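User: I have a model open and want to go through it with you. Can you take my questions one at a time?
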Amino acid sequence: MDQILLFAVLGLGQGALIAGIALGVVVTYRGSGIINLATGAVAMASAYIFWALTSGFFGFTLPTVAALIGALVAALAIGVLIEVAVFRPLRTVSPLAKLAASLGILLTLQATVLLVFGTQPQQAPSVLPGETVTVLGITTPADRFLLTGLVIAIALALGALYRWSRFGLATRAASENEQAALLAGLSPNGISLANTLLAALVAGLLGVLAAPIVQVDSITLPLQVVPALAAALFAGFTSLWIACTAGILIGVLQSIVYFLSTQSWFPTDNGNAMPGLQQLLVFVLMVVALYVRGAGLPRRGEAVEQRLPAVPLPERLLRPALLAAVVAAAALVVLPFDFRQALTNSMIGMVIVLSYVVITGYVGQISVMQLAISGTAGFALSHVAIQLRVPFPFDALGATLLATLLGVAAGISALRVRGVSLAVVTLAAALAMEQALFGNTSFGGTAGVSVPPPRLFGVNLGPGADFRGLDGNEPSPMFGFLVLAVTVVLGLYVAHLRRTGLGRRMLAVRSNERAAAAAGVDVRAVKIAAFAISSFIASVAGTLYGYNFGSVSAARFTALAALGLIGFAYIGGITMVSGAVIAGLMSTEALLPHALDKWFGIKGTWALLFGGVSLIVTLIANPDGIAGAGHRRRAAKRAARAAARVSEPDGPHPEGEHHAPAALDTTEVAS
Amino acid sequence: MSTPVLEVSGLTAGYDGAPVVRDVDLTVAAGQVVALLGANGAGKTTTLKAISALLRPMAGTVTFAGTPLDRIPAATRARLGIAHVPEGRGIFSGLTVAEHLRLGHRGERLDEAAAYRYFPVLSRLKDRRAGLLSGGEQQMLAMGRALARRPKLLLLDELSLGLAPIIVEELLPVVRRYADDSGCGVLLVEQHVGLALEVADHGYVLSHGEITTHAAARELDADQARIVAGYLGEHPV
Amino acid sequence: MNVLSVQSVSVSYGGVHALSEVSLDVGQGQLVGLIGPNGAGKTTFVDAVTGLVTARGRVALDGQDLTGLPPHARARRGLARTFQSSELFEDLTVTENLQITADRPSWWRALGETLGRRVSPDSAATQALSALGLEDLAHASAHQLSQGQRKLVGVARALAARPRVVCLDEPAAGLDTAESAELGRRLRAIADDGTSLLLIDHDMSLVMGICDHVVVLEFGKVIASGPPAQVRTDPAVITAYLGASAAQPTAASQQHGGTPSAEGPSKVATTTPEPS
């Protein structure tokens, strides 16, 4: 019992950190309507700067207090940058696009920290006194209590500020109805800036103070935003008090779960305690929060109508698809082996992004889980093929089916959750699967499990096949052809889906669920179908991953990797198959990063930075993505040609240009 | 004649590069109530939005009390003394009535007393959250807040939207009274032509984005044919 | 037999009765008007009938009990509706918007389409377009339409389902007098062709002009029903609509404030029977 109490107290440190980040999330949301996934990353950045200032990294060493002030100034500077470069230009976009933008900030901050401070985790000195106190007979470090007291004090101060000050009244008004606030002479920009700075300050302070308890690296602190989001969900993204309390409790619970997992009766996995239970706990808590609070977030009256990225109707499919296939097939034979490998990786990336085109592009729901479903399929493939000795292609089919079922089950349980809430809860799910499922050596494991090559009628279709292209090296173009065939078929299917009744119903659901239901659309059935199709595509990609490397490793299917892929999908154009093609070319170890590395020596971290920045730029300047912009240009050209052909306009029709059959053109699947 | 509160000249505005109103000229003098009439989609709301800078005009100038506003943003225009009650009322459903009348920008103190004087209903609802008010009460709150800001120019967009005519019949005379008392200029967009012309001094008729006719309210009221012509998009006589 | 039969429908939100015991019937080819002051519960009634809010009571279509069915199932059985804010599917063209309701989705059909079978647009969609004179807009995107056009497309979308009855929630709000009269003529023609209509609108000349039967709601209760001529002279309706306040608007505004109540949006409220 004493032990549980001890671990509960020790958990206060982590809890205070989570509570601080949760406060930052809530404050940012009230100020600007953005769910800032990068709040933990701000804590990371200031923790790194604090470490650098105290350890002589910049060539000088500051005393602790000065370094603390320096780190906070840095947090404020990051806050200003985020506000001016990201939040302000994106004031009027949809909540999902705002969420994606915060993802861009997260990736950018992570890449910057890696480039500046390196990949080595650091141990920052403690600002708080290192003494211990004895409470109820147990001796614990005093800093846990100090941190908790501090975060509670911050929550109380913020609460008083919102309730009684002019600034607080203005924030509440602007968070409800931005246009009316504008007309009242309030400056939403000023309000948003002030709240963003407050959030950055709180997150930065907790980052520095709690850094000695966790470890300063590029993953731990940024991902603390996930439990913080769970706390914020309990708070309905509004109540500071609940966010603070829930954050502290989550930290305590995680610590107790850790303690329990050290007990002898606890289930083990190959001698070690079951991994990932803390992440699983956070996911379960989020589900509880959504159940308790309802799935909706408080709405804001935004100033401008929010349009989602357009989903043009594809007209010509076969010709561009065949053209792209021929070019890719030729490239597979001609290219040197490393580029051949990169092209194969690109195509697998395209397939996984296709799953996002269906679920996010067509139905408007961000599910971060899709990559985890790919991973499940990959690991399942290994078990089905090796342990059950099922031959190709039935092993792949079986694994795909299994993972698809998991995706559908997840989709059914998430039917009432939509939009930003779905993105948040599936992020927690992806993290829980990464740790609890893929980290479990009975099923997955970071060491990887092997996958036998695909053989059909005695012919090896895998990367080790005999036909080795022009340069005679592995991987064999044979496997490339297999991936190409799958990619083309799935690409055509997804593009064609937009033209079918089911595709129309998906867009109807995306645009307005109530109206869709009243129009006779079975919203649940459409969503389940979308989850099924998307999960199927993701699972196929997972099995291809497995064959590609002959093994499956947990490292490829992390929640952070999933966030990166969603970023690439937005950059390419998340509503179009051609966007998926572009996104695939940019994904990890695909053609673009490979070429950059090979020709210019630009490494992966730079690609991450580039990805983060271009995600933000895309959302601001070109929300339809690269593919969408291309499509608009072609449509405009066609309309101009059509207008030129019609020598005589048919009378003064004020909306004449709208009636041009602009919606009917389109070449999809352009590469 | 003194400088008009509002002078709009050659205003062209719209969405996504497509103009909704073209080359609009109109003037509102101090203490004057001007009705902006026209069929649905004629561009009345667009005109108001361009005046308060919720929408950036494509061409033309908006002059407020002799000062050209050019690129001045909405919040600044509001501080200068333009109060715009938008379609859908523009209130904050989570704030109480009293909080609405406390909510000023930096350095601004609202004239709560004026709001309660013109809309006595509100004084009994001080601690009620706006979201719990009836449609008519919400509209009174929106207008009361606008008046409490001591505006020089009041833009009212479709007070009648979603309200029964009898409530509009209550609200419009208050507008008239306020303009007379304070010398505030009022530009009023209204579907109910008859009601609007009863309280207005002057009326403009927008048709397909252009001002097709304007005249004293009494004259317009008498000559309904001109308004009908404006609504149907025929050329003015 | 009645096409739509609603018996004793009640809805309450957190203790406040938005609707209590409302009954209403719509016969074959009948055009029934539902009027009442703001906040009387007209939209709530349509939401209850179409299944978008949970309600007590019984809703039957062609004698078939719809109680407990989800909204889409009611829609597919022939109960269509429009929305006050004409909620179109923004990313679809006008024709595609209509196809959503015209389609009869099935797994078989979805499979056929997946395998590349071209399905020509349902004739119901084209008929609905021409019933409202929207042929020119067939290929326009929903987000390019004006407010008035959106209203009409909303009505066309409801008709494309070949419904037995359509609930029209303020289809004329935002239309000018001429457009409103034109819409009235078209609605009358649609009803005369056999599709029953339930019309909610504030435009009294429209409602009184085209409806066969009018039902008046106040504070969630039916206070009168009958042919337009009768409802117009019904003392209860006149009291509800005109009250004591019609003559003295300013006095009314003070009096109005004297009776604040959570359930009482616009206690004095409302519309003169005939604005013109």
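User: How many residues of chain A are in contact with chain B?
Analyst: This is a predicted model. In it, 15 residues of chain A are in contact with 20 residues of chain B.

User: Which elements of chain A supply at least two residues of that side?
Analyst: Those are α6 (166-176) and α7 (178-183) of chain A. α6(A) gives the most to the side that touches chain B, with five residues.

User: And by class, what is on the side of chain A that touches chain B?
Analyst: That side has nine nonpolar, four polar and two charged residues.

User: Now the contact between chain A and chain C. How many residues does it take from each?
Analyst: It takes 26 residues from chain A and 32 residues from chain C.

User: Which elements of chain A are on that side?
Analyst: α19 (501-511), α20 (513-518) and α27 (656-659) of chain A each supply at least two residues to the side that touches chain C. Of the elements, α19(A) gives the most, with seven residues.

User: What about the classes there?
Analyst: The side of chain A that touches chain C has 14 nonpolar, seven polar and five charged residues.

User: While we're on chain C, how many helices and strands does chain C have?
Analyst: Chain C has 11 helices and 10 strands. Of its 276 residues, 53% count as buried. For contacts in chain C with a separation of 6 or more, 66% are between residues 24 or more positions apart.

User: Back to chain A. What does the domain assignment give?
Analyst: The assignment for chain A gives domain 1 (2-266) and domain 2 (335-558). The C-alpha centres of domain 1 and domain 2 of chain A lie 34 Å apart.

User: How many residues does each domain bring to the contact?
Analyst: Domain 1 of chain A brings nine residues and domain 2 of chain A brings eight residues. On the domain 1 side, α4 (95-117) and α10 (225-234) of chain A are the elements that give two or more residues. α10(A) gives the most to that side, with four residues.

User: Which classes are on the domain 1 side?
Analyst: The side of domain 1 of chain A that touches domain 2 of chain A has nine nonpolar, no polar and no charged residues.

User: Different topic: α18(A). Is it mostly covered or mostly uncovered?
Analyst: α18(A) is mostly covered, with 16 of its 21 residues buried.

User: What span should that helix have, and what are the end atoms doing?
Analyst: Helix α18 of chain A runs over residues 477-497, and at 1.5 Å a residue its 21 residues should span 30 Å. The end C-alpha atoms are 30 Å apart, which agrees.

User: I've also got L53(A) marked. Where is L53(A) found?
Analyst: L53(A) is in helix α2 (residues 39-55) of chain A.

User: Buried or exposed, and why?
Analyst: L53(A) counts as buried because it has 23 C-beta neighbours inside 10 Å, and the cut-off for buried is 20 or more.

User: What is L53(A) in contact with, leaving aside its neighbours within four places in sequence?
Analyst: The contacts of L53(A) beyond those neighbours are F58(A), L62(A), A67(A), G70(A) and A71(A). G70(A) is 17 residues from L53(A) along the chain, and their C-alpha atoms are separated by 7.8 Å.

User: Same for V449(A): where does it lie, and how does it count?
Analyst: V449(A) lies in strand β5 (residues 449-450) of chain A. With 19 C-beta neighbours inside 10 Å, V449(A) counts as partly exposed.

User: And its contacts, leaving aside neighbours within four places in sequence?
Analyst: V449(A) is in contact with F379(A), S382(A), G444(A), S551(A) and V552(A). The C-alpha atoms of V449(A) and A377(A), 72 residues apart along the chain, are separated by 12 Å.

User: Last one, the sheet in chain B. What is the strand order?
Analyst: Six strands of chain B form an open sheet in the order β6-β7-β8-β3-β9-β10, with mixed pairing. The edge strands are β6 (82-85) and β10 (210-216) of chain B. From one strand to the next, the twist averages 15°.

User: How do β3(B) and β8(B) run, parallel or antiparallel?
Analyst: β3 (residues 33-38) and β8 (residues 185-189) of chain B run parallel, joined by four bridges. V33(B) has V186(B) in β8(B) as its bridge partner.

User: Which helix packs on that sheet?
Analyst: Helix α1 (residues 44-52) of chain B does, touching β3, β6, β7 (153-157), β8 and β9 (202-207) of chain B. The direction of α1(B) makes about 150° with that of β7(B).

Methods: Residues are numbered from 1 along each chain as its sequence is written. Chains are lettered from A and ligands numbered from 1 in the order in which they are written. This is a predicted model: local features need pLDDT of at least 70, side-chain atom pairs count only at pLDDT 80 or more; totals for chains, interfaces and linings use all residues. Domain bounds come from an automatic or database domain assignment. Two residues are in contact if their C-beta atoms, placed from the backbone, lie within 7 Å. Ala, Val, Leu, Ile, Met, Phe, Trp, Tyr, Cys and Pro count as nonpolar, Asp, Glu, Lys and Arg as charged, and the others, Gly among them, as polar. The expected span of a helix is 1.5 Å times one less than its number of residues. A residue is buried if 20 or more other C-beta atoms lie within 10 Å of its own, exposed if 12 or fewer, and partly exposed in between; C-beta atoms are placed from the backbone. Two strands pair if DSSP finds at least two bridges between them. Axes are lines fitted to C-alpha atoms, for helices over the stretch in contact, and angles run from 0 to 180 degrees between N-to-C directions.
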